[in-house]
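Here's a quick walk through one chain, from its overall build down to its cysteines. Have the structure open as you read.

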Amino acid sequence: MVLHFPLLSRKIQSFAEVSSRAKIKKTMSSPGVQLYIQDHYVLMDNGIIQVTISSPDGIVTGIQYNGIDNLLEVEDEEVHRGYWDLVWSKTGSTGTTGTFDVFKGTSFKVVVETEDQVEVSFTRTWDISLEGDVVPLNLDKRFIMLRNSPGFYSYAVFEHLEEWPPFNLPQVRIVFKLRKDKFHYMAVADNRQRFMPLPEDRLLDRGQPLATPEAVLLVNPVEPEFKGEVDDKYQYSSENKDLKVHGWISLNPPVGFWQITPSSEFRSGGPIKQNLTSHVGPYCLAMFLSAHYAGEDLVLKLNPGEPWKKVFGPVFLYLNSVSSEDNAFSLWEDAKDQMLRETQNWPYSFPASEDFPKPDQRGKVCGRLEVQDRYVSYEPIPANGAYIGMAPLGDVGSWQRECKGYQFWTRADEDGNFTIDKIRTGEYNICAWVPGFIGDYKYDVVVNITEGCDISLGDLIYEPLRNGPTLWEIGIPDRTAAEFYIPDPDPKYINKLYVNHPDRYRQYGLWERYADLYPDGDLVFTVGISDYKNDWFFAQVNRKREDGTYQGTTWQIKFLLRDVDHTGTYTLRLALATAHLAELQVRVNDPKSDPPLFTTGEIGHDNTIARHGIHGLYRLYNIDVAGVELVEGENIIFLTQAMNTDPLQGIMYDYIRLECPPTTSS
């Protein structure tokens, strides 16, 4: 039943007022989901949770649950409580910034209204009169409430017509700002949860700004326990494959607020793209499109005459509670269980938009991937643990920069078998990368997914790049720098969560430790003697001079050769885990050779070092080294990071390998 409130003498000012009127109406209604409509607000109520949304704006202004009148920050303006936003810029713009838009609807519509489900829509339609002022998109925000469900769903449909002007889109997300007097405990993963500082602790009278705007040293926090810690939202980023549930816990009363993402099909950049989660505010985010840890390569750029439509979500905003504060932390375990239920129910059958395909409108692919590396094994090796995905058509490895379409990923079992189901219809590339091997795989046949299809691809063979046998190698080809030496942080810049933690790279300021560890010269790694776990610093960064300027660094790899094939060609494989405003130059046995044997040129806007990551975009370089460049005895490869204007410039290596010529017996 849809109930329309009579006209009032004044505009309803607060969620509490709408809620009180709704509760009166609810007592006269039959059980189920109820929808209440007033001039400026819409309220959905299923007897467990009440959600108030401004109309026609589509801003979530209030969430009532378990005796709390509003879980959202009541001290903030309504527009800053629960909202979709985007960042856009005109075509031809560079970088990852633009116009920030908490986009509001101009029209409200009831899409579904039964006792089992309510779905409402808030739309904003574009026309040529808005050119230059508003992003050229038709935007449709949807909210869904189900019967007996302790939460609600949200998704959006973005549409761009081919005759409309092109533009760039760096960011799309949902933001919820929770009550700072209630929600103090944040959980992102089993081993990444803690009590968090207050937003006031980041202000100038309580916090000291550090090298980036996001990083603040807490010098006089409200709660003394946080004094001396660093707070930075990027310390809580997660990879898409792990970013399924996160949120906050209130202890009084014990209530949890969780953002559950049951599928990553609508996210950009593949399974290991990193995104923000929750952070001090308290904020809880659902990130759909971002350039974090990638830079402009992951800015969606529409071309002239290019139509585009994409559905972001649905995601589930889940609420739970317990009766005793002693059991409050069990809310995290319950949220994980709910995440599994949501994942198993994906794709949902209840969203009403025709742009969201139901389970029977999708397809399935299965197969087996093997690796053929003749210098490792004569027989194909099962691609144990391979990341295998369906991605929009593109070049080899383009999936990690793809942001317009949908991607579907899985992990192969120990025999290389894989199944990818619930795939939207369309044409796809089969993409893969295999931990332990360099490079990317792409199936050379376009796969066309139709409704209800079940395609068996049989055995697929990936032949990673290889010219000759391995002379030596440094690291593990897994697209991260996590296996290398990660120092302890400066005691002045600690996040207590990451002390003795597997993710020790998330501490602030580790780039400054390089000069502490190498005060008089740069890193020298001797093959056969040095150990990359202890002797290879995780990031090649600049060195700060006494005058405050920065100096590029040159690392050396020393190795012995008994015999050299002077007529053959050796191959140096350089796999980078990330790069930021860097230039990597390679020289062999002559540190001053000009030009160098190889240079990447300026690469990367990943900003991984500043954002406490351990990888960004993957890059692989294959460098021919003529045998005449090498000598019998000691040889040295010089790796110079030449860009030197910023402390946060640099690269992280994933893996380095030197191969003999293919015909040598060395």
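What follows covers fold content, overall dimensions, surface, charge and cysteines.

First off, this is a predicted model. The secondary structure is made up of 47 strands and four helices. The radius of gyration comes to 27 Å, close to the 26 Å that the globule rule gives for 666 residues, so the chain is as compact as a globular protein of that length. If you'd rather think in box dimensions, the C-alpha trace spans about 90 × 60 × 55 Å along its principal axes.

How much of the chain is buried? Of its 666 residues, 58% count as buried. As for who touches whom, take the contacts with a separation of 6 or more: 70% of them come from residues 24 or more positions apart.

On the outside, the chain exposes about 26500 Å², and carbon and sulfur atoms supply 47% of that area. Charge-wise, there are 93 negative side chains and 64 positive ones. The centres of those two sets lie 4 Å apart.

Now for the cysteines. The disulfide count is zero, with a pair needing its sulfur atoms within 2.5 Å to qualify. Two cysteines show how that plays out:

| Cysteine | Closest cysteine sulfur | Sulfur distance |
|---|---|---|
| Cys-366 | in Cys-453 | 10 Å |
| Cys-431 | in Cys-403 | 15 Å |

Why no bond for Cys-366? Its sulfur is 10 Å from the one in Cys-453, too far for a bond. For Cys-431, the 15 Å to the sulfur of Cys-403 is likewise too far. Cys-431 is also buried, at a relative accessible area of 4%.

Conventions. Residues are numbered from 1 along each chain as its sequence is written. This is a predicted model: local features need pLDDT of at least 70, side-chain atom pairs count only at pLDDT 80 or more; totals for chains, interfaces and linings use all residues. Side-chain values use heavy atoms; hydrogens and water are left out. Helices (H or I, at least four residues) and strands (E, at least two) are DSSP runs, numbered from the N terminus. The radius of gyration is taken over C-alpha atoms; the globule rule is 2.2 Å times the number of residues to the power 0.38. Buried means under 20% relative accessible area, exposed over 50%, partly exposed in between (1.4 Å probe, protein chains only). Contact means heavy atoms within 4.5 Å. Accessible areas come from the Shrake-Rupley method with a 1.4 Å probe; for residues, only the protein chains shown count as cover. Lys and Arg count as positive and Asp and Glu as negative; His and the chain ends are not counted. The place of a charge is taken as NZ of Lys, CZ of Arg, CG of Asp or CD of Glu.
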